[in-house]
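Reader: I am new to this structure and would like to know where its labels come from. Could you show it to me and then explain the words as we go?

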Amino acid sequence: MIQLSDLTVTFPDGNDTITALNAVSLRVAPGTVSAITGPSGSGKSTLLSVASTLLTPTSGNVEIGGVDASALTSAERAKLRRDSIGIVFQQPNLLSALTVRDQLVVMSHLGQRRLRGNERSAYERRADELLDAVGLAGQRQKRASQLSGGQRQRVNIARALMNEPTVIVVDEPTSALDQQRGSEIIDLVITLTQERKTSTLLVTHDLSHLTRFDEVHTMIDGSLYEGLIDATTVSRESLAGPAS
Ligand SMILES: Nc1ncnc2c1ncn2[C@@H]1O[C@H](COP(=O)(O)OP(=O)(O)OP(=O)(O)O)[C@@H](O)[C@H]1O
């Protein structure tokens with residue numbers, strides 16, 4: 001479960017400041033996908049960076065499974081991130097020299113000592129189970145360069161699940177894919193979220209899938225609103241007020 005409370009992020013801009021997030025609150029329950037859409041520059045990526053504890057907010061806090069990330073040291077936060085948060089970036093950043101299976105195995109012992117043989121085979125079993133779950137059972141020994149864009153995104157998703165996270169943060173998973181492959185990736189994210197009871201926070205520009213998510217929010221100028229809102233036609237004064 002992830003709970004974002006009253007998050008504000010400002011960046012210096014010459015003598016001024018930019019408010020990238022303005023008192024944003026959001027709770028994503030286990031087994032549900034909450035989608036965030038909104039215009040370019042409205043703060044969506046900043047929200048994902050804060051939710052995944054990669055960026056510390058100017059104020060407000062992020063709780064992952066009841067743990068307040070702001071109360072942790074940076075080493076503790078890195079451990080929380082490794083153990084509890086799966087991050088799926090927009091472009092799959094796979095390591096071209098590794099097989100599909102090893103892309104996953106390497107994730108599970110980042111920053112740790114060399115694996116012993118029996119540990120390695122446990123990780124390989126988990127990798128194979130996840131590759132089955134994302135429809136890549138037959139591709140385990142291939143290299144990233146031999147995969148299609150949709151298959152790479154599947155590896156990316158499987159890799160994010162390797163450490164059994166309770167929270168998944170997904171940035172524009174369909175942006176490099178055609179409509180059908182994009183739709184299949186959304187199906188996969190929804191199915192895995194339900195099966196594994198993760199709290200999934202997903203950013204997308206692609207409005208065609210929005211009705212399939214449990215919740216939809218729109219980010220406008222750093223504020224988060226419930227539902228789908230057309231930021232070009234609605235004035236801020238007429239909005240009901242930020243979601244909380
Ligand atoms: N590191 C930074 N330093 C200064 N300003 C930043 C930084 N990161 C983001 N911003 C500013 O914060 C605002 C929100 O940016 P953000 O990238 O979160 O928007 P976005 O909704 O993800 O945009 P897009 O859809 O184009 O990716 C923008 O005005 C951006 O210029």
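Author: Gladly. Let us begin with S5, which stands opposite N61 in β4. Residues are numbered from 1 along each chain as its sequence is written. This is a predicted model, in which local features need pLDDT of at least 70, side-chain atom pairs count only at pLDDT 80 or more, and totals for chains, interfaces and linings use all residues.

Reader: What makes β4 a strand with that number?

Author: The labels follow DSSP runs: a strand is a run of E with at least two residues, a helix is a run of H or I with at least four, and the numbering starts from the N terminus. Strand β4 covers residues 59-64, while β5 has residues 67-68.

Reader: Why are β1 and β4 called paired?

Author: Strands pair if DSSP finds at least two bridges between them. Five bridges join β1 (residues 2-13) to β4, and the two strands run antiparallel, so the requirement of at least two is met. T8 has S59 in β4 as a bridge partner. Between β4 and β5 there are two antiparallel bridges, which also satisfies "at least two". There, E63 stands opposite D68 in β5.

Reader: Which strands make up this sheet, and in what order?

Author: The open sheet has four strands in the order β2-β1-β4-β5, with antiparallel pairing. β2 and β5 are the edge strands, since each pairs on one side only. Nine antiparallel bridges link β1 and β2, and I2 stands opposite V28 in β2. β1 and β2 form a hairpin with two residues between them, where G14 in the turn has a positive phi of about 65°. β4 and β5 form a hairpin too, with two residues between them and G65 at a positive phi of about 55°.

Reader: And what holds strands to one another in general?

Author: Strands of a sheet pair through backbone hydrogen bonds, either parallel or antiparallel.

Reader: Where does parallel pairing appear here?

Author: Strands β3 (residues 32-37) and β8 (residues 199-203) pair in the parallel sense over five bridges, with T32 opposite S199 in β8. They belong to an open sheet of six strands, ordered β6-β7-β8-β3-β9-β10, whose pairing is mixed. β6 (85-88) and β10 (223-226) stand at its edges with a single partner strand each, so one side of each has no neighbour in the sheet. From one strand to the next, the twist averages 20°.

Reader: How do you know how α3 and α5 are oriented to each other?

Author: Axes are lines fitted to C-alpha atoms, for helices over the stretch in contact, and angles between N-to-C directions run from 0 to 180 degrees. Helices α3 (residues 100-107) and α5 (residues 149-160) pack at about 25°, with axes 9 Å apart. That makes α3 roughly parallel to α5, because angles under 35 degrees count as roughly parallel (over 145 is roughly antiparallel, 65 to 115 roughly perpendicular and the rest oblique). The crossing of α3 and α5 is right-handed: the near helix is turned clockwise from the far one by less than a right angle, whereas anticlockwise would be left-handed.

Reader: Which residues meet there, and what makes them a contact?

Author: V100, Q103, L104 and M107 in α3 meet V155, A158 and R159 in α5. Two residues are in contact if their C-beta atoms, placed from the backbone, lie within 7 Å. These residues divide into five nonpolar, one polar and one charged; Ala, Val, Leu, Ile, Met, Phe, Trp, Tyr, Cys and Pro count as nonpolar, Asp, Glu, Lys and Arg as charged, and the others, Gly among them, as polar.

Reader: What about α5 and α6?

Author: Their axes come within 10 Å and cross at roughly 15°, so α5 and α6 are roughly parallel to each other. This crossing is right-handed as well. Helix α6 (residues 179-196) also lies across β3, β7 (167-171) and β8, at about 140° to β3.

Reader: Finally, which residues are around the ligand?

Author: They are F11, I18, A20, G38, S40, G41, S42, G43, K44, S45 and T46. A residue is near a molecule if its C-beta atom, placed from the backbone, lies within 6 Å of it. By class, the shell has three nonpolar, seven polar and one charged residues, and α1 gives the most, with three.
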